[in-house]
Amino acid sequence: MDQTFDIVVIGGGHAGCEASRACARMGLRTVMITMNSDLIAQMSCNPAIGGIAKGHLVREIDALGGVMGEVADAVGIQFRLLNTSRGPAVWSPRAQCDKKQYRIRMKEVLEREPNLRIKQAEVAGLRIEDGRVRGVQLVDGRSIHSNAVIITTGTFLNGLAHIGERKFECGRNGEAPSVVLADQIRSLGLGWTRLKTGTPPRLDARSIDWSKFEPQSGDVEPTPFSFLTDKIERSQIQCFLGRTTDETARIIRESIGRSPLYSGQIEGIGPRYCPSIEDKFVKFPDKTAHQIFLEPEGLDTNEIYVNGMSTSMPIDVQAAVIASIPGLEQAEMIRPGYAIEYDAVDARELDHRLEVRKLPGLFLAGQINGTSGYEEAAGQGLMAGINAARTVMGQAPVIIPRSEGYIGIMIDDLITKGTDEPYRMFTSRAEYRLRLRIDNADERLTPISMDIGLATQERREFFVAKQAQVHRLLGEMQNNPRAAALRRPENRIGEHLPWITEFLGAKPERGVLMTVETEVKYAGYLDQQRRQIERMQSSDTRAIPVTMRFVGIPGISREVGEKLERVRPATLGQAARIPGVTPAAVALLDVYMNLASRG
């Protein structure tokens, strides 16, 4: 009954899907183990992909050869490019997806991978031999041997759901939690915490008075996530905007004592930037109304997601809150909202590969590392898969610098700073936002995909053709009067399309015009950022010896020394980003390293 694979992936959520496909694509025999194979890539909260900064992550996942963007393009039912009133650095795509079709399409993609197997089972524990992970033991008694294990269990580790005074063990939406594996992970001596997330009620579309809501249409010309998607031609649905009322506020304030958030029943820390509806009224008492969005969960379902109304209030309170909103007076609740607490590992236990420092062969990705969101999970899953595969093959890891990707920023933030609340990506976390745009994610990251064997032939050919056109146009623009005109904010590159097509001898590839226009308009700012990046890279390439002992370095306080010992930064730049490590301490560390190197 025992089997052997190169890599085991535990969990079939968004992190698990990316990790599994990456390992298999790179030529390793991979097995994904999930407790319900029918719910692979389940969108357990909002059936949407992308958004502010999250859309950047999806573009980067796609540029690296990941799958999320392609699947979202295939099943998206409303696409919007956000932040277009601001500069191109913060433009970010978002798509409402058909929830059922998303998981169906993702499973189809995974099942087409020759090196990937999917098994429905529960993992009882890790197999640890000679101080490293060598596979997993299943609850049914079977053993699976492997050279690496990637845990992507989402909210399932000791998951505990709350609806008012009621609480029950589950992983999400009533599915069984992972308790046995959670207990073993706690026994490994890793730092861990309890976090909390939540979801809103779902309503029956037939019971809503849509005339009382403001329609929200998608873009006339949808912006795809994947560089390989030519065009989104599917008809787009509408979402709808509404607002809470004074009656909503009264109901919540009078019932706040029954909220598990405020009664002390919930111990985990929730996401600051996606608060529950009761949190909004408590923390913003002067705000008279809060927006809610009614978003269809698919084309063939009546289920409506009430975005902006995440809650763990009792069901009778939820029903009263819903009825207090114009248009929802007669609305029927299909599923109530709930909060869920779960175990998460302190990500400072990991290195940049997302491998556990104390236990070689064990990689972690997704909400187990303290993040929130499908996109953050998928980005980690992809990188954990890539680095697990590279480790098994005896190859150098792939580390994305902060200057080259939001994925790199996220991982660096997690392993140097940790997090005391579910981590969410924002464009404000990036030091060099103008460099990290959605249009040039392929320029930054697709060469990595090509080098490590994740890029398909189609992606290689498109990338080479696009970059050739970009470089030709940028070279021509340096000596062409049209470039001066294009630098003016009111001028757009589309006005020059006839000349550009004639110059190239062909129609520009997808994305070429946007990249060239941005590079020309912001040339001065981009040059300044390149110089800043060079300065940062000099400290990020200043390696700290792995044997370095930080406590006791003259001039560095014991507190700072202990923080450095905890994180074990690999470079001087990483040490500088650890909270509480002062510039003076970094300078002293630099001097100490120089003296030590001279003997």
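This is a short tour of helix packing, nonpolar cores and two loop residues in a predicted model.

**Stop 1: H1 against H4.** Select residues 14-25, which form helix H1, and residues 99-111, which form helix H4. Their axes are 11 Å apart and meet at an angle of about 20 degrees. Angles under 35 degrees count as roughly parallel, so that is how H1 runs relative to H4. Look at the handedness too: H1 passes H4 in a left-handed crossing. To see the contact, show side chains for His14, Cys17 and Arg21 on H1, then Tyr102, Met106, Val109 and Leu110 on H4. Colour that set by class and you get five nonpolar residues, one polar and one charged.

**Stop 2: H3 against H4.** Keep H4 on screen and add helix H3, residues 68-75. Here the axes come within 9 Å and cross at roughly 135 degrees, so H3 and H4 are oblique to each other. This crossing is right-handed. From H3, pick Met68, Val71, Ala72, Ala74 and Val75; they meet Gln101, Tyr102, Arg105, Met106 and Val109 of H4. By class, the H3-H4 contact has eight nonpolar residues, one polar and one charged.

**Stop 3: the cores.** Hang on to Tyr102, because along with Ile49 and Val136 it touches the most other members of the largest nonpolar core, a set of 97 residues. Now jump to helix H10, residues 374-392: its nine residues are the largest share of this core. Then centre on Val136. Beyond residues up to four places away in sequence, Val136 touches a list of residues including Val8, Ile10, Ile33, Leu126, Ile144 and Val149, and also Arg127, Arg142 and Ser143. For a second, separate core, go to Phe240, Ala249, Ile277 and Ile325, which are among its 21 residues.

**Stop 4: two loop residues.** Buried or exposed: which is Ser259? Find Ser259 in the loop between helix H6 (246-255) and helix H7 (260-263). With a relative accessible area of 0%, Ser259 is buried. Leaving aside neighbours within four places in sequence, Ser259 is in contact with Glu278, Ser312 and Met313.

Finish at Phe284, in the loop between helix H8 (277-283) and strand S18 (291-296). Phe284 has 47% relative accessibility, which means it counts as partly exposed. With neighbours within four places in sequence set aside, Phe284 is in contact with Asp279 and His290.

Conventions. Residues numbered from 1 in each chain as written. Predicted model: local features only at pLDDT ≥ 70, side-chain atom pairs only at ≥ 80, totals over all residues. Heavy atoms only, no water. Axes fitted to C-alpha atoms, helices over the stretch in contact; angles between N-to-C directions. Helix = DSSP H or I, 4+ residues; strand = E, 2+ residues; numbered from the N terminus. Parallel < 35°, antiparallel > 145°, perpendicular 65-115°, else oblique. Left-handed = near helix turned anticlockwise from the far one by under 90°. Contact = heavy atoms within 4.5 Å. Nonpolar A, V, L, I, M, F, W, Y, C, P; charged D, E, K, R; others polar. Core = buried A, V, L, I, M, F, W, Y, C linked by side-chain atoms within 4.5 Å. Buried < 20%, exposed > 50% of the residue type's maximum accessible area, 1.4 Å probe, protein only.
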